[in-house]
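Here are a few exercises to work through at your own pace. Have a look at the model first, then try each task before reading its solution.

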Amino acid sequence: MSQKILIIEDEKELADILGEYLKVEGFEVKICNDGKTGLEYFKKEQTSLVLLDIMLPLMDGITVCREIRSVSDVPVIMVSAKSGEMDKVVSLGIGADDYVTKPFSPLELVARVKAQLRRYQGTAKKEKDTSMDRICVGVLSLVPDSYEAYIEENSLNLTTKEFEILLLFAKNPGQVFSKSQIYEQVWGYQGVCDDNSVTVYINRIREKLKNRGCNYIKTIWGAGYKLAVEA
Ligand code: CA
């Protein structure tokens with residue numbers, strides 16, 4: 001069965017072009033031109049991935065993304081006309097998996113769609129494997145099966161991406177990761193490193209750890225970040 005991509009985009013021409021590129025790659029495509037119709041369609045039909053514009057009639061992309069996240073973890077790629085707008089969206093932490101600013105090349109977007117689908121299917125496969133143990137570093141522990149992280153027994157309430165970044169660190173304590181390495185490992189594709197979103201995510205994880213009195217994430221100036229248990 002082919003995978004279905006839902007495009008929620010009010011620029012009809014752009015939606016059609018993207019749709020054509022995705023169809024060539026063997027995807028089934030459904031286009032909705034406003035947020036409300038898109039969300040209704042999503043709730044009724046099996047969808048593999050959502051391409052979601054931010055500025056939309058009837059219901060904006062941020063609300064649509066939140067609604068999708070309340071019922072599903074399928075990959076969502078946000079599309080925006082302004083990079084400033086995108087920074088705001090990233091910092092809101094609405095649970096999108098990737099962000100693309102217009103104008104972009106349809107081929108780049110297709111590559112990102114494929115990367116997200118690979119990552120999502122990889123996660124689903126991993127979940128079916130025999131359960132992994134807790135990964136513990138100092139007072140921090142992570143349960144990869146349930147995407148839960150704890151300081152002692154207090155849950156950190158991390159989002160999916162925050163958890164994945166922290167898991168990368170916890171599996172390799174002491175190892176320094178550059179922003180582009182983090183991006184590649186967590187978002188799953190090479191070349192288009194978005195330094196800004198990595199920084200935003202690291203700061204949020206750090207904040208959540210700090211609230212529990214934990215300062216394990218260290219900045220190594222000019223190199224990146226690492227997880228280190230304090231002496
Ligand atoms: Ca729009």
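The exercises below deal with a predicted model.

**Exercise 1. Work out the strand order of the open sheet of five strands, and find its edge strands.**

Step 1: Follow the pairing from strand to strand; the order comes out as β2-β1-β3-β4-β5, and the pairing is parallel.
Step 2: Look for strands that pair on one side only; these are β2 (28–32) and β5 (98–101), the edge strands.
Step 3: Check how the strands turn along the sheet; the twist averages 20° from one strand to the next.
Step 4: Zoom in on one pair, β1 (residues 4–8) and β3 (residues 49–53), which run parallel and are joined by four bridges. Within this pair, Ile8 has Leu52 of β3 as its bridge partner.

**Exercise 2. Which residues coordinate the calcium ion, and is Asp53 buried or exposed?**

Step 1: List the donors: Asp10 and Asp53 each offer OD, while Met55 offers O, at 2.1 to 2.3 Å.
Step 2: Write their spacing along the chain, which reads D-x42-D-x1-M.
Step 3: Turn to accessibility. Asp53 has a relative accessible area of 4%, and buried means under 20%, so Asp53 is buried.
Step 4: Do likewise for Met55. Its relative accessibility is 52%, and the cut-off for exposed is over 50%, so Met55 counts as exposed.

**Exercise 3. Describe how helices α6 and α7 cross, and sort the residues of their contact.**

Step 1: Locate the helices: α6 covers residues 160–171 and α7 covers residues 179–187.
Step 2: Compare their axes, which come within 10 Å and cross at roughly 115°. The crossing is right-handed.
Step 3: Collect the contact residues. Helix α6 brings Lys161, Glu164, Ile165, Leu168 and Phe169, and α7 brings Ile182, Gln185, Val186 and Trp187.
Step 4: Sort them by character; you should find six nonpolar, one polar and two charged residues.

**Exercise 4. How do strands β10 and β11 run, and which residue of their hairpin takes a positive phi?**

Step 1: Find the strands, β10 at residues 217–220 and β11 at residues 224–227.
Step 2: Check their direction and bridges: the two strands run antiparallel, and four bridges join them.
Step 3: Pick out one bridge pair, Thr219 with its partner Tyr225 in β11.
Step 4: Inspect the three residues between the strands of the hairpin; Gly222 takes a positive phi near 80°.

Definitions and conventions. Residues are numbered from 1 along each chain as its sequence is written. This is a predicted model: local features need pLDDT of at least 70, side-chain atom pairs count only at pLDDT 80 or more; totals for chains, interfaces and linings use all residues. Side-chain values use heavy atoms; hydrogens and water are left out. Two strands pair if DSSP finds at least two bridges between them. Axes are lines fitted to C-alpha atoms, for helices over the stretch in contact, and angles run from 0 to 180 degrees between N-to-C directions. A crossing is left-handed if the near helix is turned anticlockwise from the far one by less than a right angle, and right-handed if clockwise. Contact means heavy atoms within 4.5 Å. Ala, Val, Leu, Ile, Met, Phe, Trp, Tyr, Cys and Pro count as nonpolar, Asp, Glu, Lys and Arg as charged, and the others, Gly among them, as polar. Donors are N, O and S atoms within 2.8 Å of the metal (3.2 Å for Na, K and Ca); water is not among the atoms, so sites may look incomplete. Buried means under 20% relative accessible area, exposed over 50%, partly exposed in between (1.4 Å probe, protein chains only).
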